[in-house]
Every structure is written in structure tokens, then in C-alpha cells.
Amino acid sequence: MKNKKKRIFLAAAGVFVLALIILLIAKIGIKEHKKKTRIGIILSGSIEETGWNSMHYNGVKEACKKLGAELLIRENIREDTGQCQEAVRAMAEEKAEMIILSSYGYSREVKDLIKNYPDIAFYSISSEYHDENLTSYFARMYQARYLAGIIAGLQTKTNHIGYVAAMPNNEVNRGINAFTLGVKRVNPKADVMVAWSGSWDDEEKEKEAAANLMEKQADVLTYHQNQTYVSEAAEQAGIDSIGYHEAVSGFSDHYLTAAVWNLEILYEVIIRDFQQGKGNSITNCWLGIEKGVVELSPYSGRVTEEARQEVEKAKAEIISGKDVFSGEIYDTDGTLRCEKDETIADEMLLEHFDWYVEGVVLYEENIEKN
């Protein structure tokens, strides 16, 4: 009788242990097969092209890989064509939980549409529109522009520096102004001549604008567009240039450096916040040089030791908390825009930057704001 009870007890215990094992395996299986966070990104160009679009793609891809998220991609979605709205609808159908709008004009196009998708977190590279489910994300690229301006200011021999820009919106204006402040910091006699292309990506217009600036004696060029066309024009003419977005190969020492993004860091921040339930919890996510999100690429041999030291000094000031847009700043009309002991607020920089600092010379001012 005793042995029989013992056998029954052991059998019951075995069944219990087996049930626990099955339950544990089931839980592990569920965990392993749990659906990954679905992140969508909409790009204005190809993931394979050099510049803006591949930079964003590579950054978000690495962030998704690190955080275990699934990436959905829509590429070659041109602004102001209706394609962005279609891409948003398609990604919503694919159950995207977070959609990244990586071109400046996208948020304007979809600001009404996204209200139909309150359960999707939208993140826009533009700071001009916000909503309960639309957060602006960006890097303080103007900090790297400022450092690049220091190099340009010490490099120029004519005191005329050319800047080919897409269109006069807040983002572009911040870059122009910061670059010019950097130039004027080390070379008060120099000016920055701005020519507009009217587009983020137009080889013919960008190279034509570069040629016009060189005719006006610009001997250092930089730009704010998706591609390297301006640096190519400078290279062909044998003058110096400063790139944008990412460092590229194939140029001579005349390619001095580039103001570059490390977008993996930025994308990791916003995707992790979303995964932790903090999506759209802030209006603007704006990270800078202190986080390593922006920097200058390695210098060419033409960048002097003096310029390198000046950049390091300015960089240390920024990291310590002194913003580029602080201290006494005048605009092109001679109006004082920032007092000696003031700093221009982020809100103004992001949303109301429609003026230019002293030293900026504008051409073709009839380009519409995008």
C-alpha cells in the first residue's frame, strides 16, 4: 500500500514537472516569436545613393538591428507629389507602429492625414509641424556648420565664401547663419555668399549656382543639398570645398572636411523611447555634438594646424554649454538680434529663423520657402 502511494505521488510529481516544462517552453516560444516593433521610414531618394537618403537609411537600419525592431522602407518618395500620403497609408496597412518622415517637406504634406492614425507614432525631420502623434526629431547640425565655418574663414584668400542652399526654411537658415558666425569668428573681413538652387537634389542648378559663386570670387564652397554636386564643381575648378551629410571618398585635398551626421545615435534614442512607451512624449528631440550626433569628418592635409586648434577650442565651448547662437549677434540690416549675455531660444531656432546674420550676402532671393 505504501509503495502504491509512493508510485502515485511520484507519478503526480512527474506530471506536474512535465507540465511546468511544457509551460516554460511555451512561454519561451511566445517570447521568441513575439512580434518585433515595426518601424517605417519614408525617404525622398534611394537607399543606395550617396548623401542624405543612404545616411538616414543606414542610421535607422543599424538602430533597428540593435534594438530588435523590424524596418519597413519606402524610397524615392518625392516631396509635393502625393506619394508621401500614399506611403503613410501603405505603411499603416502593414501595421507600422512608428513612421519616420525623413524629408523636410513631408510633415506639411501629411499633417492632416496622420490624425486618422492616432495609434501610430510619427517622427518628422521638420520642426514646423507638431501634433499629439507627431514629434520633431533633428540633430544640431548647425554646431558642426559653425565649426566648418571656422575652417572656411581661415582657408579663404579672397574673403568670399560660397554657400549653395536649397531653399530658405528654418533648417537651411540655421545652417547658413551658424556657418557665417564661424567664418566671422576667425575672419571678420570675410562674407558668405548664398545662392539658391530651389531643390534638395538638382545637379544642373547646383553646379550652375556653384559656378556663379566662383565667378564672384568665392574660393571655398559648401552646400545644403542631398548630393555632392557642389563639391564636384569645386573639385573640377581646383578650389576648396566643405561637404555635408557624410564624408565621401574620391576627392582631392581640396575637399577639406564635411559636416556629418551620426544618425544611428539619434535613431536609437527615438526608437528606444517608443519601445519604452514614451513615443511622442516630447515635442522636439534635438541632439547635438555633445552626444556625438554631429561632427566634422577627418580633415584633408590643406587644413592648417591653426584651423584645427580653433575648431577644438570652439567645440569645447559648445560641449561646455555655450551655444553657437549666443552673445552679440546682428542681422544683415544691422539690427541687434541677440544681446551680449543672451542665447537665442531653441523655439526661435527651430520655428522662427527667417533672418540672416551679418556677413551673409543673398542672391536669387525669389526662391519660395519649402
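In this predicted model, Glu 290 touches Gln 143 and Ile 319, leaving aside residues up to four places away in sequence. The contact with Gln 143 brings together distant parts of the chain: 147 residues separate the two along the sequence, while their C-alpha atoms are 10.0 Å apart. Glu 290 itself sits in the loop that leads from strand 11 (284-287) to strand 12. With a relative accessible area of 41%, Glu 290 counts as partly exposed, because this value falls between the limits of 20% for buried and 50% for exposed residues.

Strand 12, at the far end of that loop, belongs to an open sheet of seven strands, which can be followed in the order 12-10-9-8-6-7-15 and has mixed pairing. The edges of the sheet are formed by strand 12 (294-296) and strand 15 (360-363); each has a single partner strand, so one side of each is without a neighbour in the sheet. On average, and with direction ignored, neighbouring strands of this sheet are turned by 20 degrees against each other. At the strand 15 edge, the partner is strand 7 (residues 191-196), which runs parallel to strand 15 and is joined to it by four bridges. Within this pairing, Val 192 has Val 360 of strand 15 as its bridge partner.

Several strands of the sheet also meet helix 8 (residues 229-237). Buried residues of this helix are Tyr 229, Val 230, Ser 231, Ala 233 and Ala 234. The buried residues of helix 8 pack against strand 6 (160-165), strand 8 (220-224), strand 9 (240-245) and strand 10 (255-261), as well as against helix 7 (203-215). Just beyond the end of helix 8 comes Gly 238, with a positive phi of about 75 degrees.

Earlier in the chain, a parallel pair is made by strand 1 (residues 38-42) and strand 2 (residues 70-74), with five bridges between them. The chain passes from strand 1 through helix 2 (residues 52-67) to strand 2, a β-α-β crossover that is right-handed. In this pair, Ile 42 stands opposite Arg 74 of strand 2.

Turning to the surface, the largest pocket has a volume of about 370 Å³. Its lining comprises 17 residues, and those nearest the pocket centre are Tyr 146, Leu 181, Arg 185, Ser 326 and Glu 328. Helix 6 (170-186), helix 10 (305-319) and strand 13 (329-330) each contribute at least two residues to the lining of this pocket.

How values were computed:
Residues are numbered from 1 along each chain as its sequence is written. This is a predicted model: local features need pLDDT of at least 70, side-chain atom pairs count only at pLDDT 80 or more; totals for chains, interfaces and linings use all residues. Side-chain values use heavy atoms; hydrogens and water are left out. Two strands pair if DSSP finds at least two bridges between them. A crossover is right-handed if, with the strands pointing away from the viewer, the path from the first strand over the helix to the second runs clockwise. Buried means under 20% relative accessible area, exposed over 50%, partly exposed in between (1.4 Å probe, protein chains only). Contact means heavy atoms within 4.5 Å. Axes are lines fitted to C-alpha atoms, for helices over the stretch in contact, and angles run from 0 to 180 degrees between N-to-C directions. On a 1 Å grid over the protein atoms alone, a cavity is a set of points where a 1.4 Å probe fits but cannot get out, and a pocket is an open set with protein on both sides within 12 Å along at least five of seven lines; lining residues have an atom within 4 Å of a point. Grid points are joined across faces, edges and corners, and a volume is the space filled by probe spheres set on the points.
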